[in-house]
Amino acid sequence: MTKAASSLFPVSENVAKMQASSTLAAMQAAESLRAQGVSVVDFGAGEPDFDTPENIKQAADRAMVAGRTKYTATAGTRELQQAIIDFYQREFDAGYERAEVMGTSGGKQAIFNAVVTLVNPVLLPSHYWVTFPEIVTFARATPIFIDTEDTGFLLTAAQVEKAITPRTKLIILNSPNNPSGRVIPPSEFERIMEVLADRGIYVISDECYLRFVYPPAEVFSAARLPERLRQRLCIAGSFSKTYAMTGWRMGYALAPREWTGAMLKVQGHSTSNANSIAQSAAVEALNGPQNSVAAMLSEYTARRAWLLDALKGIPRLSCAEPEGAFYVFPNVRNCLNTEVKSSAEFATRLLAEEQTVVTDGAGFGADGCVRISYATSMEQLREGVKRIKRFVERLGT
Ligand code: PLP
């Protein structure tokens, strides 16, 4: 496109400041190689490699046949709201009312709704999911990053306390974390929430990877905290990872009624209700048998153990042990040389020379690291690690 033509489309200031998704860039590069018939090992995926469980698909089928094809309330059907309330009561002993629950089109929309109703400035512990700063920017707010490298990327109450200023309004917490896979221990999580509650700061707890936690770490939701620590809390939840439902676009928000009311206004004038068929599927996901979640977790557990061990065999690459999600986040700084000078170049050259996709950490606020997703088969893991090892050994010679 010529310069003159591009100036005919002056995007708004807030959109101009947004960055395109770096995770999508990696996906596209892999796609174009595959289209040329190249055998690519893809560690870029931010989604389960499993199919949606059969009972959930059948519930969607039944919903379609029964004609559940109309608009629903913006907050979702009563059945969906009740299923979410029952889940939090059952799992975390947390009482929520219908006015505090809404279905959303993916967890992403829950976070979007929650940010745009509050904003400015927003604390973002680093490393963060690529979308957090972009939503904050879109909302014309300022992201303030909290560096957690000193504590192995595990956020602490002391770090939060130090970062707060009299203007701080909101923080986004994400545990289990994308990209690091780290899980904040429940006692530290509670200390963080104490600091925030004492200062009247609002919190979004992104619990998208809630169920994917590896012992001795524990599954923990902020919903479990005492009522007084939940007065300014919005939980953003998702069906995408837990039930392998990324394409269905189902998530939810749990927040105090006033905050939920504001979010309903935003959603009511943008996307309205989440997909009605996906809502019926989500009810089955929460109320139906959970053995498929256990099966996926057990597969991730085996892959994680194998991968962490195999990465130890790669020279100069160091990797903290993640307690959750399906990512490892090794530091490659010691693998770099005068030709491959950054983690971005590491990822690009690895793809070009060994046809293996990893995601550069820079987009997650972690220049020098790369994200490896183990939401892929053991066979691909074995092949990919072999290729990364060969590549790193060449860099060192
Ligand atoms: N939060 C985090 C940390 C994520 O990694 C993702 C997806 O990758 C989401 C939220 C959003 O998930 P979805 O919108 O598919 O529910």
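Three exercises on a surface patch and the cavities of this predicted model follow. Local features need pLDDT of at least 70 and side-chain atom pairs count only at pLDDT 80 or more, while totals for chains, interfaces and linings use all residues. Residues are numbered from 1 along each chain as its sequence is written, and side-chain values use heavy atoms, without hydrogens and water.

**Exercise 1.** Find which residues make the nonpolar surface patch, and place Met 18.

Step 1. Phe 9, Val 11, Val 15 and Met 18 make a patch of about 350 Å². Patch residues have over 30% relative accessible area (Shrake-Rupley, 1.4 Å probe) and no salt bridge (Lys or Arg side-chain nitrogen within 4 Å of an Asp or Glu carboxyl oxygen); nonpolar side chains are joined within 5 Å, like charges within 9 Å.

Step 2. Met 18 sits in the loop between helix H2 (13-16) and helix H3 (22-35); helices are DSSP runs of H or I with at least four residues, strands runs of E with at least two.

Step 3. Met 18 counts as partly exposed because its relative accessibility is 32% (buried is under 20%, exposed over 50%, partly exposed in between).

**Exercise 2.** Describe the largest cavity.

Step 1. Its volume, the space filled by probe spheres set on the grid points, is about 150 Å³. A cavity is a set of points on a 1 Å grid where a 1.4 Å probe fits but cannot get out; lining residues have an atom within 4 Å of a point.

Step 2. Of 18 lining residues, Pro 125, His 127, Leu 155, Asn 174 and Asn 177 are closest to the centre.

Step 3. Strands E3 (122-126) and E5 (170-174) each supply at least two lining residues.

**Exercise 3.** State the volume of the second largest cavity.

Solution. The second largest cavity holds about 90 Å³.

Methods: Buried < 20%, exposed > 50% of the residue type's maximum accessible area, 1.4 Å probe, protein only. 1 Å grid on protein atoms, 1.4 Å probe; cavity = no way out; pocket = protein on both sides within 12 Å on 5 of 7 lines; lining within 4 Å.
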